[in-house]
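Me: Could you take a close look at the surroundings of the ligand in this model and describe them in one connected account?

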Amino acid sequence: MSKIEEVKAKLEAGKAKLVPGLVQEALDEGAEVQSILQAMIDSMGVVGDKFSAGEIFVPEMLMAAKAMSKGVEVLKPLLTGDTSSSLGTCLIGTVEGDLHDIGKNLVAMMIESAGFTVIDLGVDVSADKFIEAIKANKNVTLVALSGLLTTTMPALKQSVQTIKASGLTGFKVIVGGAPISAEFAASTGADGFAPDAGSAAVKAKELVTA
Ligand code: B1M
């Protein structure tokens with residue numbers, strides 16, 4: 001079994017204490033950062049499929065999520081690189097009713113590495129909380145909303161519309177998350193959409209420099 005396969009196996013088994021060491025070993029053996037990250041993302045897909053099939057339950061999903069977060073911590077310095085902040089402040093959060101944060105955290109990391117100062121509002125973030133944060137922080141140029149549940153897609157749309165209707169200006173809004181399509185994103189009134197963390201950073205930069 002290759003080191004990356006070991007990372008996947010232990011992540012899927014929710015072994016949060018073992019995954020960081022294995023990720024480091026994979027790096028030491030010369031595995032590419034992006035390959036390790038993609039393998040971990042794929043494993044979360046496997047975990048989701050097992051959940052859908054009734055083979056595992058919420059506690060096992062949570063343990064796998066912890067293992068993934070611990071593995072990402074090892075990769076973070078290599079993913080972010082030089083983080084010179086000149087594109088302003090990005091507020092990011094997972095929308096109201098939604099507790100998934102792994103994808104949002106990856107997007108935050110990549111947006112930071114693109115040159116933003118990132119303020120992470122966490123999960124279950126209401127439209128009002130986004131608006132308070134826009135008012136409370138200087139030079140907010142980007143507001144990023146993540147949504148992972150089909151049941152919170154309406155909250156994502158509502159949040160974008162409430163933020164846009166607030167009368168506050170000077171920033172662009174970007175949305176994304178597994179169930180969000182380009183078409184749905186456009187229907188929310190958001191300025192931009194990205195399907196993954198890497199393209200979110202590219203889109204973010206494009207939106208505020210256009
Ligand atoms: Co949940 N969950 N979960 N879960 N969970 C999913 C999403 C699900 C697909 C699993 C399944 O059934 N197959 C399913 C949703 C089905 C649907 O909506 N139709 C689901 C469900 C049903 C639930 C609960 C309702 C289960 C229950 O309680 N019965 C519950 C809801 C809780 C709530 O939020 N209110 C729940 C709970 C949880 C845990 C708390 C146990 C845990 C989350 C822990 C955490 O995040 N800290 C969890 C997990 C781990 C998952 C899966 C297995 C993995 C999610 C993940 O981290 N993926 C997930 C199955 C799956 O994804 N296949 C599942 C890896 C991550 C890197 O990918 O988040 O997609 P992702 O992020 C990507 C892109 O989406 C994109 O970039 C990222 C990386 O490139 N992206 C953006 C994300 N945000 C973006 C923002 C952008 C741009 C791109 O711009 C701003």
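Reply: In this predicted model, a good place to begin is alanine 197, where a polar backbone atom lies 3.0 Å from an oxygen atom of the ligand. The elements that each supply two or more residues to the shell around the ligand are helix H3 (33-52), helix H4 (58-80), helix H5 (102-113), strand E3 (140-146), strand E4 (172-176) and helix H9 (197-209). Among these elements, H3 provides the largest share of the shell, with seven residues.

Two further polar contacts involve nitrogen on the ligand side: a nitrogen atom of the ligand is 2.7 Å from an N or O atom in the side chain of aspartate 101, and a nitrogen atom of the ligand is 2.9 Å from a polar backbone atom of glycine 97. Asp101 also belongs to the group that comes nearest among the 36 residues around the ligand, together with Ser52, Leu99, His100 and Ser146. Sorted by class, the shell comprises 23 nonpolar, 10 polar and three charged residues.

As for the wider setting, the ligand sits in the largest pocket. The protein chain is divided into domain 1, covering 3-78, and domain 2, covering 83-209, and the C-alpha centres of domain 1 and domain 2 lie 25 Å apart. Because domain 1 and domain 2 both give residues to the shell around the ligand, the ligand lies between them.

Terms used. Residues are numbered from 1 along each chain as its sequence is written. This is a predicted model: local features need pLDDT of at least 70, side-chain atom pairs count only at pLDDT 80 or more; totals for chains, interfaces and linings use all residues. Side-chain values use heavy atoms; hydrogens and water are left out. A residue is near a molecule or strand if one of its heavy atoms lies within 4 Å of it. A polar contact is a pair of N or O atoms within 3.5 Å; within protein, one must be able to donate a hydrogen and the other to accept it, and residues adjacent in sequence count only if both atoms are side-chain atoms. On a 1 Å grid over the protein atoms alone, a cavity is a set of points where a 1.4 Å probe fits but cannot get out, and a pocket is an open set with protein on both sides within 12 Å along at least five of seven lines; lining residues have an atom within 4 Å of a point. A molecule sits in a cavity or pocket if more than half of its atoms lie within 2 Å of its grid points. Helices (H or I, at least four residues) and strands (E, at least two) are DSSP runs, numbered from the N terminus. Ala, Val, Leu, Ile, Met, Phe, Trp, Tyr, Cys and Pro count as nonpolar, Asp, Glu, Lys and Arg as charged, and the others, Gly among them, as polar. Domain bounds come from an automatic or database domain assignment.
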